[in-house]
Amino acid sequence: MDPTHERLATLALHLTHGVGPRVYQALLNEFGDSTRVLAAPLQRLKSVPGVGSTVARKIVATTVDTRAEREWLECSQAQIQILDGSRVDYPYLLTETPDPPPVLFVRGQLLPADRVSIAIVGTRRASYYGIQQAESLAVGLAHAGVTVVSGLARGIDAAAHRGALQAGGRTIGVLASGLGEIYPPEHDNLADQISAQGALVTESPLRTRPKRGQFPRRNRIISGVSLGVVVVEASGRSGALITVKHAVEQNREVFAVPGRVDQEYSRGCHRLIRDGAKLVESVDDVLEELDPLSTTSTCSPVLVSEPSAEIGLSDLERTVLQSVGQDPLSVDQLIESCQRAQPHLSVSSVLSALSILEMRRLIDRLSGSVVVRR
């Protein structure tokens, strides 16, 4: 699909050195859209707060028919979407942050259900305990219909992505590099799995190699697309704490998993808990906070009209859920009710759906054979 001139103009500005998210927003506030920005005279550009003479001259020299068109073509050939704020699939939560990227490059697909998402971050040099905790939390969140967000890094990030994938859930990997330069390189296969079962996201152009300064900027996107951030193993100087800093600025919830008191990689988490982060011993500690977070966010009628745990249910799971009411119901009665609605259903498929609804905390099992709607 050919881009509009305005979308190409937005990409051209994004590719212009010196035009970061805050400068871009200032330019939009002054001129209204990207096309008018590129057509503006030098003196007017220089008068915009944060622009200055050097950046103004670069904007004047920018055209949409050179680098922007090449970038668009390369991304199209690599099946990478280029999203800007005019697109309905641009992450709404990110638009609520102080400095959302003007452009996002996406491999895979972002869905409305991803608005209910939690980030899991931590050290690259994770212990066996840390890997276990990250995977377990990701599995539990995925079973509850929550999208797991992380940064595709070694250690905790990779464990979080793998946990979500293993559970059949959705996961989003946020990169500091371009999507044509997966980092670390040994995560190339993991990146393929994530894009097939979720999305890879970055603000960096396709062929951007990873540089040290890009990772802290990447972290604001990790927290920005999430309702909250869970930290699993972090030293006192961990990059995960930069994500927490962004989360606090973005009014996101912060969670931390405690560790051994004699381990360096517990110090960051313990400090967060001391300073008010919610202590996480199981996925329930996160899920208990999630419904209030999602329904009080300004981000959507989608979240308000459909409880977070119900997003992503299969047709079978919805059928079973609709058959469970506020009055206690035996499992045998439930199976009969479901089979009356859909005669082809097997007992095992109903029981399997029932287990998923229980994990998602949509029903309660009063005894081994009696269930009730929450």
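Burial, salt bridges and a cavity in a predicted model

Student: Why is Glu289 called partly exposed?

Tutor: Glu289 has a relative accessible area of 23%. Buried means under 20% and exposed means over 50%, so the value for Glu289 falls in between and the residue counts as partly exposed. The model is a predicted one.

Student: What makes Lys278 and Glu289 a salt bridge?

Tutor: The closest N and O atoms of Lys278 and Glu289 are 3.7 Å apart. The cut-off is 4 Å between a Lys or Arg side-chain nitrogen and an Asp or Glu carboxyl oxygen, so the pair qualifies. Lys278 belongs to strand β9 (residues 278–279) and Glu289 to helix α14 (residues 283–296), eleven residues apart, and the pair links distant parts of the chain.

Student: Is Lys278 buried, exposed or partly exposed, and what makes it so?

Tutor: Lys278 is partly exposed, because its relative accessible area is 29%, and the partly exposed class lies between the 20% and 50% limits.

Student: Why is Phe255 called buried?

Tutor: Phe255 has 0% relative accessibility. The limit for buried is under 20%, so Phe255 meets it. Phe255 sits in strand β8 (residues 253–257).

Student: Which residues is Phe255 in contact with, leaving aside its neighbours within four places in sequence?

Tutor: Among them are Ile118, Val230, Ala277 and Asp285, and also Lys278 and Glu289, the two partners of the salt bridge discussed above.

Student: How far apart are Phe255 and Ala134 in sequence and in space?

Tutor: Their separation is 121 residues in sequence and 12 Å in space, taken from C-alpha to C-alpha.

Student: How do you know that Arg7 forms a salt bridge with Asp84?

Tutor: For Arg7 and Asp84, the closest N and O atoms are 3.4 Å apart, and the rule asks for within 4 Å, so the pair counts. Arg7 lies in helix α1 (residues 5–14) and Asp84 in strand β1 (residues 81–84), so this bridge ties together parts that are 77 residues apart in sequence. Arg7 is buried, with a relative accessible area of 12%, and Asp84 is buried as well, at 7%; each value is under 20%, so the label follows.

Student: What is the N to O distance for Lys245 and Glu249?

Tutor: The distance is 2.9 Å, and their side chains meet in a salt bridge. Both residues lie in helix α12 (residues 240–249), four residues apart, about one turn of the helix. Glu249 is partly exposed, because its relative accessible area of 49% is not over 50%.

Student: How many salt bridges does the count come to?

Tutor: The count comes to 17. Asp99, Glu203, Arg217 and Arg220 are linked in a network of salt bridges.

Student: What does the count of disulfides come to?

Tutor: The count is zero. The rule requires a pair of cysteine sulfur atoms within 2.5 Å, so no pair of cysteines meets it. Cys75 is buried at 1% relative accessibility, and Cys269 is buried with a relative accessible area of 1%.

Student: What lines the largest cavity?

Tutor: The lining has 13 residues, and Gly151, Tyr183, Pro184, Phe215 and Arg218 lie nearest the centre of the cavity. The lining divides into eight nonpolar, two polar and three charged residues. The volume of this cavity is about 80 Å³, and the structure holds one cavity of 30 Å³ or more.

Notes:
Residues are numbered from 1 along each chain as its sequence is written. This is a predicted model: local features need pLDDT of at least 70, side-chain atom pairs count only at pLDDT 80 or more; totals for chains, interfaces and linings use all residues. Side-chain values use heavy atoms; hydrogens and water are left out. Helices (H or I, at least four residues) and strands (E, at least two) are DSSP runs, numbered from the N terminus. Buried means under 20% relative accessible area, exposed over 50%, partly exposed in between (1.4 Å probe, protein chains only). Contact means heavy atoms within 4.5 Å. On a 1 Å grid over the protein atoms alone, a cavity is a set of points where a 1.4 Å probe fits but cannot get out, and a pocket is an open set with protein on both sides within 12 Å along at least five of seven lines; lining residues have an atom within 4 Å of a point. Grid points are joined across faces, edges and corners, and a volume is the space filled by probe spheres set on the points. Ala, Val, Leu, Ile, Met, Phe, Trp, Tyr, Cys and Pro count as nonpolar, Asp, Glu, Lys and Arg as charged, and the others, Gly among them, as polar.
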